[in-house]
Amino acid sequence: MPTIQDIAAYAESSAKKLGISKYDVYGSSVDETSVQVDKGDPKQVKASNRSSVIVRVWNPDGKVGVTSTSDVDPLGMDLALQTAQEASAFGVSDHIPDFSPESVAPTADVQVETVPPAPVGDLISTLVDVEKQLLGAHPAIASVPYNGLAQRSIDRFYLNSAGALRHEARSYASLYLYSKTEQEGRKPRSAGAMRVNRGLPLLDIEGCLKEAAEKTISHLDYNKVASGKYRVVFSGEAFLSLLGAFSNMYNAQSVLDNRSLSTADSLGKVVASPLLSVYDDALHPENVSAETFDGEGTPTRRVPIIEQGVLTQFLHSAGTAKRMGTSPTGHASIGAKVSVSPSYYHVLPGAEASAEFSLENAENVIFIDDLQALHAGVNALQGSFSLPFDGWLVNGGTRTSVESATVAGDFCDLLKAIVHVEPEVEVTPGGLCPRVWVDALSITGEG
């Protein structure tokens, strides 16, 4: 791929030739290798290189045309700008996208060392060894049906005719293990774990293996749970999956489209217990895929979404920010239509809880480790959810795996029913989040 300076020069030269005075270009190139194994043998080995470039051109009437290409040589840039220029005649007349007012503002100075990709042979041998150890962790663990070790290198850039020129490179590796048990006269049980870091040598393979084995083994001794209202403790990962499922609450595009649990007037209102604070922090040191700018070139930053229970800010693109009279927050994904999405959550305690809470001495508490079927069991516009989960019934520090059950409720009510946010955060691929305690949620058990 040519350098960012080369691409900028090609774009400038093509634009001059075509009489285009306003344009921007966003692109990324991804090199990825992933392997899966099955009982000691490679099951799937995939390698791919994907490049995609989005080009936007504004015509003299202010309308914008958008095209995508994977070709950024001078000829490719010529063609892309020309196609976008022609498409601009058919551009929308309402809420026309524009450059981000911060596209030339300085980005955060984040020093990130990229890690060279490991040979495919190393990925396979590492995963074969890990699978063997997991199968040997307990006689009941019969298979690891879902597993994967992947590494990815990403180059991204953004440039526009107003002088913006941004580029960054990142690398990361991920390990996923999901094991399944088989025991005579017992239902199969399963559990998984995942780790992400900047490269294979830095991956916490031992921790991932240990977590997958311990969780799977802990589900062997299971029992039915009676239906009713329970105090529920969500693991960090489980709480983040709920927060993500209802992200329309703080997504400015959803608010403007009237497809949100919030309205433009919701800012400054209490939406959760004062014990909860939620930030979106793309630049957090634990975020291995941290990005210093979004698809429109806006610098990313730490954005307070909920502070001590009060909804303080929406996530914005340049377009939504302009319509709502505020500043973009660095959450835009560029395309034929600009969309807004969260980067990396950081959930932490707000106000102090009035009482002590500990799973070591909790009585009749449901600890939910993992929520399932989020695509089917969530009504994001109504705020309701009904989801199967993996978890345990906790009594006096003793955990008994729940055979099969669902948790149901209303997300807005759940936020207000939070009684404790633990101080210690759990690092997950989607963000940092501690365990969150919620009062009186409906659990429906089997039988």
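Where is Gln308 found in this chain? Gln308 sits in the loop between β10 and β11 (310-311); strands here are DSSP runs of E with at least two residues, helices are runs of H or I with at least four, and both are numbered from the N terminus.

Before going on, a word on the source: this is a predicted model, where local features need pLDDT of at least 70 and side-chain atom pairs count only at pLDDT 80 or more, while totals for chains, interfaces and linings use all residues. Residues are numbered from 1 along each chain as its sequence is written, and side-chain values use heavy atoms, with hydrogens and water left out.

Overall, the chain has nine helices and 21 strands. Its C-alpha trace spans about 75 × 55 × 35 Å along the principal axes. The radius of gyration is 24 Å, which agrees with the value near 22 Å for a compact globule of 447 residues; this radius is taken over C-alpha atoms, and the rule is 2.2 Å times the number of residues to the power 0.38. Of the 447 residues, 48% count as buried, meaning under 20% relative accessible area (exposed is over 50%, partly exposed in between; 1.4 Å probe, protein chains only). Among contacts (heavy atoms within 4.5 Å) between residues at least 6 apart in sequence, 71% join residues at least 24 apart.

Back to the loops. Gln308 has company in Lys39, as each is a non-glycine residue with a positive phi.

| Residue | Phi | Loop | Relative accessibility |
|---|---|---|---|
| Lys39 | near 50° | β1 (22-38) to β2 (41-58) | 56%, exposed |
| Gln308 | about 50° | β10 to β11 (310-311) | 46%, partly exposed |

Now for the inside. The largest nonpolar core has 49 residues, and Phe234, Phe239 and Ile366 touch the most other members. Such a core is a set of buried Ala, Val, Leu, Ile, Met, Phe, Trp, Tyr and Cys residues joined through side-chain atoms within 4.5 Å. Leaving aside neighbours within four places in sequence, Phe234 contacts residues including Phe239, Phe367, Leu414 and Arg435. A second, separate core of 21 residues includes Val35 and Leu149.

Glu296 is a charged residue worth a look: it lies in the loop between β9 (276-281) and β10 (302-307). Glu296 is buried yet has no salt bridge, that is, no side-chain nitrogen of Lys or Arg within 4 Å of a carboxyl oxygen of Asp or Glu. The nearest side chain of opposite charge, Arg56, is 4.4 Å away. The Glu296 side chain does reach the backbone nitrogen of Ala318 at 2.8 Å.

Key
Lys, Arg positive; Asp, Glu negative; His and termini not counted. Polar contact = N/O pair within 3.5 Å; in protein donor to acceptor, adjacent residues only side chain to side chain.
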